[in-house]
Amino acid sequence: MLVAGGAGFIGANFARYMLAKYPDYRIVVYDKLTYAGNLDNLQDLDEKYADKYVFVKGDICNGEQVNDTIQQYEIDAIVNFAAETHVDRSLFNPDVFVQNNVFGTHKLLEAAKLFGNIRFHQVSTDEVYGEVLRGSFHEDDPLETRSPYSASKGAADLLASSYYFSFGLPVTITRGSNNIGPYQYPEKVVPLFITNALENQPLPIYGDGKYARDYQHVMDHCSGIDLVLHCGQLGEIYNVGGGNEVEALNLAKLILKKLNKPYSLIRFVEDRIGQDRRYSLNCAKIKNLGWVPQYTFETAIDDTIHWYINNEWWWRKIKSGEYLEYYEKQYRERLDKAIETVFSPSQGDEL
Ligand code: NAD
Ligand code: TYD
């Protein structure tokens with residue numbers, strides 16, 4: 001199995017999950033190692049699964065390299081996690097999103113077609129539906145993407161589906177909600193808030209902080225992808241979400257409370273442009289396949305917080321490199337303009 005983008009947050013957790021669950025599987029992690037790709041995410045696998053796991057540094061946009069890798073390792077399934085994934089970065093530089101997420105997916109699909117019936121699974125996101133103010137999205141709802149990130153992911157979904165209908169490629173797609181857990185790059189809100197709180201740095205809240213996301217533990221997402229890969233109907237799309245809707249301000253307060261840090265670290269900053277107000281998924285379809293998430297929001301956030309407390313070596317390295325440049329660009333002016341908000345002691349129990 002080729003796990004494209006497997007040195008990133010979810011892909012690395014997925015590779016680990018699959019190697020532990022299926023002793024007969026051989027996994028090739030294929031990753032370009034962008035700023036978000038990190039061999040530290042895979043560090044124990046070399047030793048633990050020496051004969052079953054290999055890392056190949058490669059770009060999904062490079063058709064020749066993809067083909068060579070498929071041939072060399074006799075790949076019969078591709079799970080595509082490879083993508084540029086951060087909405088804020090897609091507002092700075094949409095080009096790399098279109099290149100990696102659309103053209104890259106196209107190259108992988110072409111390779112799967114070229115070698116015959118390679119099973120292809122595309123990992124997508126709830127963001128392709130756009131915002132939903134009431135109710136939840138179903139798989140057949142229209143795509144109403146509003147950021148370059150979500151637009152590029154929506155385009156990749158449509159391409160993947162088209163290879164099923166046009167060429168009979170055995171394709172499935174999952175659309176996951178926001179993941180949390182080990183190895184998430186600290187630009188995303190949960191690890192950003194946890195690591196900033198641990199360093200007594202401000203927690204930047206966009207706009208009024210009432211933007212709701214559905215958080216799920218990365219391992220539940222991985223088990224959903226595994227289930228669809230093995231039991232999903234070809235050509236179909238499956239939503240995978242935790243049903244845990246949390247607004248950003250409440251998330252910040254919860255994290256601060258759990259870490260015993262003051263609410264005075266909270267800063268309301270200038271909003272992200274065009275931000276989706278709320279995401280919510282109806283997951284009846286994957287539940288009918290037999291998917292049962294193992295984490296509640298409480299156990300998922302506790303596991304995540306403990307991981308970051310116990311793995312400072314992992315995130316401190318990241319926070320000293322390219323990350324700082326991005327952080328300055330994204331937050332410095334915002335934080336300088338922000339005014340400290342005073343919360344009454346009774347506030348903070350809204351979850
Ligand atoms: P991530 O940013 O942590 O990792 C992405 C990985 O893809 C990195 O290792 C990067 O090096 C690699 N990559 C990027 N471009 C590449 C290219 N051209 N060739 C090879 N590798 C390349 O992302 P993540 O959070 O692990 O997300 C993985 C996938 O899941 C993405 O497709 C994303 O859209 C989707 N998804 C993420 C979430 C979430 O909450 N993080 C939720 C739903 C869906
Ligand atoms: P994020 O982790 O970037 O994921 P998404 O792709 O779903 O937007 O952000 C999750 C939520 O947290 C979103 O509503 C925006 C909010 N947020 C902040 O308030 N401050 C921040 O610094 C970040 C990164 C996100």
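## Crossing of helices H9 and H11

In this predicted model, helix H9 and helix H11 cross in a right-handed sense. H9 comprises residues 248-258 and H11 residues 297-310, and their axes come within 11 Å, crossing at roughly 60°. H9 is therefore oblique to H11, since an angle of 65 to 115 degrees would be needed to count as roughly perpendicular and one under 35 degrees to count as roughly parallel.

On the H9 side, the contact is made by Leu251, Leu254, Ile255 and Lys258. H11 contributes Phe297, Glu298, Ile301, Asp302 and Ile305. Sorted by class, the residues in this contact are six nonpolar and three charged, with no polar residue.

## The two faces of helix H3

Helix H3 spans residues 63-73. Its buried residues are Gly63, Val66, Thr69 and Ile70. Viewed down the axis of H3, these residues fall within an arc of 130°, and they therefore line one face of the helix. The general geometry of the α-helix is relevant to such a pattern: with 3.6 residues a turn, residues three or four places apart point the same way.

The buried residues of H3 pack against several elements: strand S1 (2-4), strand S2, strand S3 (53-57), strand S4 and helix H5 (94-114). The face of H3 turned away from this buried side carries the exposed residues Glu64, Gln71 and Gln72.

## Glutamate 74, just after H3

Just after H3, glutamate 74 takes a positive phi of about 50°, although this residue is not a glycine. Glutamate 74 belongs to the loop that leads from helix H3 to strand S4, the latter formed by residues 77-80.

The relative accessible area of glutamate 74 is 61%. Because the cut-off for an exposed residue is over 50%, glutamate 74 is classed as exposed.

## Leucine 33, in the loop after S2

Leucine 33 also has a positive phi, near 60°, and is a residue other than glycine. Leucine 33 is placed in the loop between strand S2 (27-31) and helix H2 (45-48). Strand S2 is among the elements against which the buried residues of H3 pack.

With a relative accessibility of 26%, leucine 33 counts as partly exposed. This value lies between the limit for buried residues, under 20%, and that for exposed residues, over 50%.

Terms used: Residues numbered from 1 in each chain as written. Chains lettered and ligands numbered in written order. Predicted model: local features only at pLDDT ≥ 70, side-chain atom pairs only at ≥ 80, totals over all residues. Heavy atoms only, no water. Helix = DSSP H or I, 4+ residues; strand = E, 2+ residues; numbered from the N terminus. Buried < 20%, exposed > 50% of the residue type's maximum accessible area, 1.4 Å probe, protein only. Axes fitted to C-alpha atoms, helices over the stretch in contact; angles between N-to-C directions. Parallel < 35°, antiparallel > 145°, perpendicular 65-115°, else oblique. Left-handed = near helix turned anticlockwise from the far one by under 90°. Contact = heavy atoms within 4.5 Å. Nonpolar A, V, L, I, M, F, W, Y, C, P; charged D, E, K, R; others polar. Arc of directions from axis to C-beta.
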